[in-house]
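Trainee: Please choose one residue in this model and take me outward from it, one contact at a time. I would like a close look at that single part.

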Amino acid sequence: PQPVAPQPFKMNSFSIGIRGGLTSLMPQSDRALGAAWGYGASLDLRYAHYWSKGDDKVRLGLMTGLGVGYMQNSQKLRDVLEESTLYSEGPIEYKVTADEAKELNHQLQLEIPLMFSMVTPKGLFLNVGPKFILPVYTSFNQTIDNPIISAYMPELNGNPITNEFVMGKLTKEQCNMTGSWGNEFKLAVALGLELGYEFRLKNGHSLDLGLYLDYSLYSMYQDQGNNRVIAITPPSASSSAVVDVLPLTQAYAKKYGLFDLGLKLSYNIDFVK
């Protein structure tokens with residue numbers, strides 16, 4: 001008898017999964033900031049379509065879906081030192097110091113993967129391809145430790161200024177800021193990689209356990225920055241000096257990206273056509 005050739009088949013797979021691990025928004029800056037690391041988690045709903053020439057052959061397919069993710073990221077700037085000479089009625093030399101400025105970011109985002117997927121007969125799987133990431137809500141909390149503003153006028157032989165009208169004053173609220181740095185709906189594109197093992201279940205479905213890694217290739221978030229987390233507007237004859245405080249992101253970061261890695265677990269409902 002002639003051997004029976006393996007019959008080609010197609011498979012649809014619907015899955016629900018969770019991911020979690022370390023994450024970083026990778027702020028790009030002219031000034032060194034402390035390591036921006038935090039954690040992230042995501043809930044994924046996905047659909048994959050596979051082709052194979054038999055049960056003992058590699059399955060190849062395409063995968064897409066929708067993920068809802070949350071990430072938290074912190075960055076620090078230690079030993080803040082900013083010096084400048086501003087002019088009002090005459091030159092005023094300002095010096096601003098602080099022990100540390102720390103910003104904690106929170107981001108809720110949507111993810112749409114478009115990935116090539118491969119599963120071997122022994123259960124090893126590989127998913128790789130672009131992920132389109134859309135931040136839908138961001139917020140930050142920033143604290144500044146021990147800020148000190150000092151000022152003097154060279155015309156007064158270097159005597160320090162103590163008048164807050166000329167020197168300016170930081171409020172308690174400025175040292176403990178909350179707000180958003182405005183990257184909502186700024187699309188980012190990352191390269192995603194997922195690698196692991198597929199366990200076949202008795203009910204005909206499967207369970208995936210593995211590692212994931214995402215690296216940002218492009219981000220629409222751009223910011224010029226002014227390289228000052230604390231900026232002072234000098235006084236005039238009718239108005240006092242004004243002290244403005246920016247979050248570290250808007251002060252120093254030119255753009256944000258994305259890098260994360262961790263573990264993934266998903267339950268797959270498979271249908272052979």
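Mentor: Lys-131 is a good place to begin, and at 1% relative accessibility it counts as buried (under 20% relative accessible area, with a 1.4 Å probe and protein chains only). Bear in mind that this is a predicted model, in which local features need pLDDT of at least 70, side-chain atom pairs count only at pLDDT 80 or more, and totals for chains, interfaces and linings use all residues. Residues are numbered from 1 along each chain as its sequence is written, and side-chain values use heavy atoms, with hydrogens and water left out.

The side chain of Lys-131 meets that of Glu-194 in a salt bridge, at 3.5 Å from N to O (a side-chain nitrogen of Lys or Arg within 4 Å of a carboxyl oxygen of Asp or Glu). This pair links distant parts of the chain, since Lys-131 belongs to strand β6 (residues 124-145) and Glu-194 to strand β9 (residues 188-200), 63 residues apart; strands here are DSSP runs of E, at least two residues, numbered from the N terminus. Glu-194 is likewise buried, because its relative accessibility is 0%.

From here the picture widens, as Lys-131 and Glu-194 are both members of a network of salt bridges that also links Arg-19, Asp-44, Arg-46, Glu-111, Asp-214 and Lys-264. Within that network, Arg-19 and Asp-44 form a salt bridge whose closest N and O atoms are 2.6 Å apart. Arg-19 lies in strand β1 (residues 9-24) and Asp-44 in strand β3 (residues 38-52), so this pair ties together parts that are 25 residues apart in sequence. Both Arg-19 and Asp-44 are buried.

For the wider setting, the count for the model comes to 12 salt bridges. One of them, between the side chains of Arg-78 and Glu-100, has an N to O distance of 3.5 Å. Arg-78 sits in strand β4 (residues 59-87) and Glu-100 in strand β5 (residues 91-119), so here too the contact ties together separate parts of the sequence, 22 residues apart. Glu-100 is buried, with a relative accessible area of 15%.

To return to the starting point, the contact between Lys-131 and Glu-194 joins strands β6 and β9, while Lys-131 itself, at 1% relative accessibility, is buried and belongs to the network that includes Arg-46, Glu-111, Asp-214 and Lys-264.

Terms used:
Helices (H or I, at least four residues) and strands (E, at least two) are DSSP runs, numbered from the N terminus. Buried means under 20% relative accessible area, exposed over 50%, partly exposed in between (1.4 Å probe, protein chains only).
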